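Got the viewer open and a hand on the mouse? Let's take a walk through this one, a stop at a time.

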Amino acid sequence: MAKIKITQVKSGIDRPERQKLTLKALGLSKMHSSVEVEATPQIKGMVRKVDHLVKVEEVKG
């Protein structure tokens with residue numbers, strides 16, 4: 001399965017609690033922090049909910 005790199009580019013401050021919890025579930029805790037995860041349907045759905053706060057890139061290899 002493909003991997004994606006998710007980087008938080010905007011703050012979760014003043015966002016709904018649900019979005020804050022989604023960022024935490026993705027493993028993002030601070031601005032400009034990144035995680036590499038498998039691109040499962042569950043992860044893609046979580047990213048879609050906070051796409052205005054994160055940047056997503058495909059990982060080659």
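Before we start, a word on what counts as an element: helices are DSSP runs of H or I with at least four residues, strands are runs of E with at least two, and both are numbered from the N terminus. Keep in mind that you're looking at a predicted model.

**Stop 1: the whole chain.** Color by secondary structure and you'll find 2 helices and 3 strands. Follow the chain from the N terminus and the elements come in the order β-α-β-α-β. Now zoom out: the C-alpha atoms fill a box of roughly 35 × 20 × 15 Å along the principal axes. The radius of gyration is 11 Å, which agrees with the value near 10 Å for a compact globule of 61 residues.

**Stop 2: the sheet.** Select 3–8, 34–38 and 54–59, which are strands E1, E2 and E3. In what order do the strands sit in the sheet? Reading across, they go E2-E1-E3, in an open sheet with antiparallel pairing. E2 and E3 are at the edges with a single partner strand each, so one side of each has no neighbour in the sheet. Look along the sheet for its twist, which averages 25 degrees from one strand to the next.

Next, zoom in on E1 and E3, an antiparallel pair joined over 6 bridges. Show Lys5 and look across from it: Glu57 in E3 stands opposite.

**Stop 3: the helix on the sheet.** Add 41–49, helix H2. H2 packs on the sheet and touches E1, E2 and E3. Its direction makes about 25 degrees with that of E1.

**Stop 4: the core.** Show the side chains of Ile6, Leu26, Leu28, Ile43 and Val54. Which part do they play in the largest nonpolar core? Of its 13 residues, these five touch the most other members. Strands E1 and E2 and helices H1 (17–26) and H2 each supply at least two residues of this core. In soluble globular proteins, nonpolar side chains tend to be buried together.

Stay on Leu26 and display what surrounds it. Leaving out residues up to four places away in sequence, Leu26 touches Ile6, Val35, Ile43, Met46, Val47 and Val50.

**Last stop: the surface.** Turn on the surface view. The accessible surface comes to about 4,400 Å², with 52% of it belonging to carbon and sulfur atoms. Of the 61 residues, 31% count as buried. If you draw the contacts with a separation of 6 or more, 72% of them link residues 24 or more positions apart.

Technical notes. Residues are numbered from 1 along each chain as its sequence is written. This is a predicted model: local features need pLDDT of at least 70, side-chain atom pairs count only at pLDDT 80 or more; totals for chains, interfaces and linings use all residues. Side-chain values use heavy atoms; hydrogens and water are left out. A nonpolar core is a set of buried Ala, Val, Leu, Ile, Met, Phe, Trp, Tyr and Cys residues joined through side-chain atoms within 4.5 Å. Buried means under 20% relative accessible area, exposed over 50%, partly exposed in between (1.4 Å probe, protein chains only). Contact means heavy atoms within 4.5 Å. Two strands pair if DSSP finds at least two bridges between them. Axes are lines fitted to C-alpha atoms, for helices over the stretch in contact, and angles run from 0 to 180 degrees between N-to-C directions. The radius of gyration is taken over C-alpha atoms; the globule rule is 2.2 Å times the number of residues to the power 0.38. Accessible areas come from the Shrake-Rupley method with a 1.4 Å probe; for residues, only the protein chains shown count as cover.
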